[in-house]
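Hi,

Here is the structure I said I would pass on. Have a look at it first, and then read on for what I found in it.

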Amino acid sequence: MASNIQTLLVLVLATLAIFMIPSNAQLTPNFYKKVCPQALPIIRSVVHREIIRERRIGASLLRLHFHDCFVNGCDGSVLLDDTRNFTGEKTALPNLNSIRGLEVVDEIKEAVDKACKRPVVSCADILATAARDSVAILGGPHLRYSVLLGRRDARTASKDAANANLPPPFFSFSQLLSNFKFHGLDLKDLVALSGGHTLGFARCTTFRDRIYNDTNINPTFAASLRKTCPRVGAGNNLAPLDPTPATVDTSYFKELLCKKGLLHSDQELYKGNGSESDKLVELYSRNPFAFARDFKASMIKMGNMKPLTGNKGEIRRNCRRVNN
Ligand code: HEM
């Protein structure tokens with residue numbers, strides 16, 4: 001009898017212990033409140049300064065967080081440099097000659113570690129916070145949300161996973177949706193987060209096929225882009241993803257209604273056939289508050305993807321390499 005009770009007690013304690021393992025810890029908005037209250041204001045001030053220096057940097061920082069989260073979760077893996085015996089994600093097709101803002105991340109990390117007097121803020125949390133701040137700085141306070149924190153940094157990265165997980169611009173609607181579903185996101189997340197294309201630019205290589213071969217495109221719009229992006233060459237020439245590339249607004253969605261999406265994948269979200277996706281594009285095009293509400297909710301959802309917490313991973317001292 002006594003030994004039965006003992007066994008039961010051990011079982012109960014073991015179950016409790018499993019639930020208390022810190023690696024199951026949730027992200028929280030107050031993660032750095034006690035250990036380094038200056039962390040968030042510092043990140044914001046560096047982001048602000050860099051955006052004033054170059055408006056596009058906000059777009060680039062937002063995209064970095066997306067490219068981090070979609071490849072094995074938001075764990076700072078995108079930031080790791082290649083070494084002699086390690087190939088990271090920077091040379092994967094969607095990232096090569098394309099991701100930007102890496103020096104700004106270094107600058108933030110240096111400033112934050114200096115203020116906190118030791119490395120307590122993870123590179124993954126820096127990306128999540130810099131993305132949130134960029135959007136609020138370029139869009140206004142109604143786009144600001146409370147960013148969840150406590151992510152830790154990966155000690156690995158995968159070029160293959162980056163190639164397999166980041167959606168390319170030639171994807172069809174159903175490919176985009178299955179890619180997002182694979183990451184635990186739904187149709188509303190797909191349309192709202194694609195609204196990230198309210199900021200920034202794309203290279204000719206990413207939209208060339210669309211402007212010469214797609215039919216679901218405004219002919220005047222296609223003709224004017226062909227001047228920037230010839231049939232051959234000039235692959236790095238840039239075009240804005242919407243007419244106001246340094247402002248978070250709803251013009252990205254308005255353009256989709258007139259078949260003026262820059263990327264094939266953008267226009268896939270609106271075909272004018274009354275689909276659920278069409279309805280979301282129409283809603284966001286006419287209602288900035290609905291867009292802000294859903295964009296913020298989806299950013300938080302994306303930021304929650306498979307974070308390393310508790311004793312998993314590490315807090316890198318330098319975002320470009322794992323600690324020794
Ligand atoms: C839905 C699938 C998506 C596809 C196929 C896609 C594809 C692309 C491509 C091809 C570019 C241009 C890259 C270049 O020319 O080097 C780009 C830029 C960009 N993307 Fe996406 N993207 C997607 C989703 C997202 C999401 C979810 C976000 C953020 C929430 C985002 C934010 C951005 C930003 C801000 C830029 C401009 C970056 C800059 O100017 O530096 N994208 N995207």
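Before anything else, a word on naming: helices (H or I, at least four residues) and strands (E, at least two) are DSSP runs, numbered from the N terminus. Keep in mind, too, that this is a predicted model.

With that naming, Pro167 sits in the loop between helix H6 (159–165) and helix H7 (173–182). I start there because UniProt, in an unreviewed entry, puts a "binding site" feature at Pro167. Pro167 is partly exposed, because it has 18 C-beta neighbours inside 10 Å and a residue needs 20 or more to count as buried. Leaving out residues up to four places away in sequence, Pro167 touches Leu176, Asn179 and Ser265.

Now the overall layout. The protein chain is split into domain 1 (39–166) and domain 2 (186–301). Their centres, taken over C-alpha atoms, are 23 Å apart. The contact between them takes 16 residues from domain 1 and 13 residues from domain 2. On the domain 1 side, H3 and H5 each supply at least two of the residues that touch domain 2, and H3 has the largest share there, with six residues. By class, that side of domain 1 has eight nonpolar, four polar and four charged residues.

Both of those helices are worth a look:

- H3 has 13 residues, and 13 of the 13 are buried, so H3 is largely enclosed by the rest of the structure. At 1.5 Å a residue H3 should span 18 Å, and its end C-alpha atoms are 19 Å apart, which agrees.
- H5 is mostly covered as well, with 17 of its 17 residues buried. For H5 the expected span is 24 Å, and its end C-alpha atoms are 24 Å apart, which agrees. Just after H5, Gly140 takes a positive phi of about 115°.

On to the ligand. Which element gives the most to the shell around the ligand? H3 does, with five residues. In total, 26 residues surround the ligand, and the closest are Ser98, Gly196, Gly200, Ala202 and Arg203. The elements that give two or more residues to this shell are helix H3 (57–69), helix H8 (187–194) and strand S1 (201–203). Domain 1 (39–166) and domain 2 (186–301) each contribute at least three residues to the shell. Its residues divide into 14 nonpolar, eight polar and four charged. H3 thus turns up twice: in the shell around the ligand, and on the side of domain 1 that touches domain 2.

Back to the record. The same kind of UniProt annotation, "binding site" in an unreviewed entry, also covers Thr198, Asp242 and Asp249. These three span 52 residues in sequence, yet no two of their C-alpha atoms are more than 9.6 Å apart, so they gather at one spot.

Two of them I checked in detail. Thr198 lies in the loop between H8 and S1. Is Thr198 buried or exposed? Thr198 is buried, because 28 other C-beta atoms lie within 10 Å. Setting aside neighbours within four places in sequence, Thr198 is in contact with Asp242, Val248, Asp249, Ser251 and Tyr252. Two residues of that list, Asp242 and Asp249, carry the annotation as well.

Asp249 is in the loop between strand S2 (238–240) and helix H11 (251–257). Unlike Thr198, which is buried, Asp249 is partly exposed, with 19 other C-beta atoms within 10 Å. The cut-off for buried is 20 or more. Beyond four places in sequence, Asp249 touches Thr198, Thr244 and Pro288.

One last spot to look at is Ser122, in the loop between helix H4 (102–116) and helix H5 (123–139). Ser122 counts as buried, with 29 C-beta neighbours inside 10 Å. Not counting residues up to four places away in sequence, Ser122 touches Gly76, Arg151, Arg152, Asp153 and Ile315. There is a long-range pairing here too: Ser122 and Asn318 are 196 residues apart along the chain, while their C-alpha atoms are separated by 9.6 Å.

Happy to go through any of this with the model open.

Cheers

Note on methods. Residues numbered from 1 in each chain as written. Predicted model: local features only at pLDDT ≥ 70, side-chain atom pairs only at ≥ 80, totals over all residues. Near = placed C-beta within 6 Å. Nonpolar A, V, L, I, M, F, W, Y, C, P; charged D, E, K, R; others polar. Domains from an automatic or database assignment. UniProt positions renumbered as here; feature names shortened; annotations may be inferred. Buried ≥ 20, exposed ≤ 12 C-beta atoms within 10 Å, placed from the backbone. Contact = placed C-beta atoms within 7 Å. Expected span 1.5 Å × (residues − 1).
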